[in-house]
Amino acid sequence: GYPDAVERQAKLRLAYVLNHVLADRKMSQVEAAKRLGLTQPKVSALRNYKLVGFSLERLMNLLTALDQDIEIVIRRKPRSRRAARISVGAA
C-alpha cells in the first residue's frame, strides 16, 4: 500500500543481491565498507535491509563495485487479465 512500492521492491532486490555477494565472498562488514567506500554502520544498515538513504542508483553502483553487471529491461506492460472469480459456498 505504499505509494513508492515499486521503488521499494527494486531497492530490496538490489540489496538482496548485494548481501548475497558479500556473504558468498565471506566479507566482514569492515572489509565490505572499505571495498564499497561506505562506513561500517552503512554496511550494517544494508545487511539489515534498512535502505533509507540508499537510492537505486547508489545500490547499482555498489553492485558494480563488486564486479556485478546490472541489466535493466524495459518491456511493454501486458494487458491486464480478468481476475478469476472465486466462489465460496456449501455444495
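## A look around a four-helix chain

Among contacts between residues at least 6 apart in sequence, 62% join residues at least 24 apart. Keep in mind as you read on that this is a predicted model.

Let's start with the overall layout. The protein chain has four helices and zero strands, so-called α-α-α-α when you read along the sequence. Of its 91 residues, 23% are buried.

### Two pockets

Now for the open spaces. The table puts the two pockets side by side, with their volumes and the make-up of their linings.

| Pocket | Volume | Lining residues by type |
|---|---|---|
| Largest pocket | about 290 Å³ | seven nonpolar, no polar, two charged |
| Second largest pocket | about 180 Å³ | three nonpolar, no polar, four charged |

Which residues line the largest pocket? Going along the chain, you meet Ala10, Arg13 and Leu14, then Leu56 and Met60, and finally Ile70, Glu71, Ile72 and Val73. Two helices, H1 (5-24) and H4 (56-65), each give at least two residues to this lining. The largest share is three residues, and H1 is where they come from.

The second largest pocket has its own set of residues around it: Asp4, Glu7, Arg8, Lys11, Leu12, Leu51 and Val52. Keep Arg8 in mind, as that residue comes up again in the next part.

### Rings and charges

How many aromatic pairs does a search of the whole structure find? The count is zero. Rings do have charged company, though. Arg8, one of the residues lining the second largest pocket, has its charged end over the ring of Tyr2, at 3.8 Å from the ring's centre. Further along the chain there is Lys42, which lies over the face of Phe54 at 5.2 Å from the ring centre.

### Two residues with a positive phi

Next, a bit of backbone geometry. Most residues other than glycine have a negative phi. With that in mind, have a look at Lys26 and Asp67.

Lys26 has a phi near 55 degrees, a positive value in a residue that isn't glycine. You'll find Lys26 in the loop between H1 and helix H2 (29-36). Is Lys26 buried or exposed? Its relative accessible area is 71%, so Lys26 is exposed.

Asp67 isn't a glycine either, and its phi is also positive, at about 60 degrees. This residue belongs to the segment after H4. Asp67 counts as exposed because its relative accessibility is 59%.

### Three more residues to find

Let's finish with Asn19, Gly53 and Ala65, which you can pick out in the structure one by one.

Asn19 is part of helix H1. Buried or exposed, then, for Asn19? Its relative accessibility is 6%, and the cut-off for buried is under 20%, so Asn19 counts as buried. What does Asn19 touch, if you don't count residues up to four places away in sequence? The answer is Leu46, Arg47 and Tyr49. Of these, Leu46 and Arg47 fall within the range of helix H3 (40-47).

Gly53 sits in the loop between helix H3 (40-47) and H4. With 52% relative accessibility, Gly53 counts as exposed, since the cut-off for exposed is over 50%. Gly53 also gives you a distance to check: Lys42 is eleven residues away in sequence, and the two C-alpha atoms are 9.3 Å apart in space. You've met Lys42 already, as the residue lying over the face of Phe54.

Ala65 is in helix H4. Its relative accessible area is 29%, so Ala65 is partly exposed. Which residues is Ala65 in contact with, leaving aside neighbours within four places in sequence? They are Arg35 and Leu36. There's a distance to check here too: between Ala65 and Gly37 there are 28 places in sequence, while their C-alpha atoms are 9.2 Å apart in space.

Key: Residues numbered from 1 in each chain as written. Predicted model: local features only at pLDDT ≥ 70, side-chain atom pairs only at ≥ 80, totals over all residues. Heavy atoms only, no water. 1 Å grid on protein atoms, 1.4 Å probe; cavity = no way out; pocket = protein on both sides within 12 Å on 5 of 7 lines; lining within 4 Å. Points joined across faces, edges and corners; volume = space filled by probe spheres on them. Nonpolar A, V, L, I, M, F, W, Y, C, P; charged D, E, K, R; others polar. Phe/Tyr/Trp six-rings, centres within 6.5 Å; stacked < 30°, edge-to-face > 60°. Lys NZ or Arg CZ within 6 Å of the ring centre and 35° of its normal. Buried < 20%, exposed > 50% of the residue type's maximum accessible area, 1.4 Å probe, protein only. Contact = heavy atoms within 4.5 Å.
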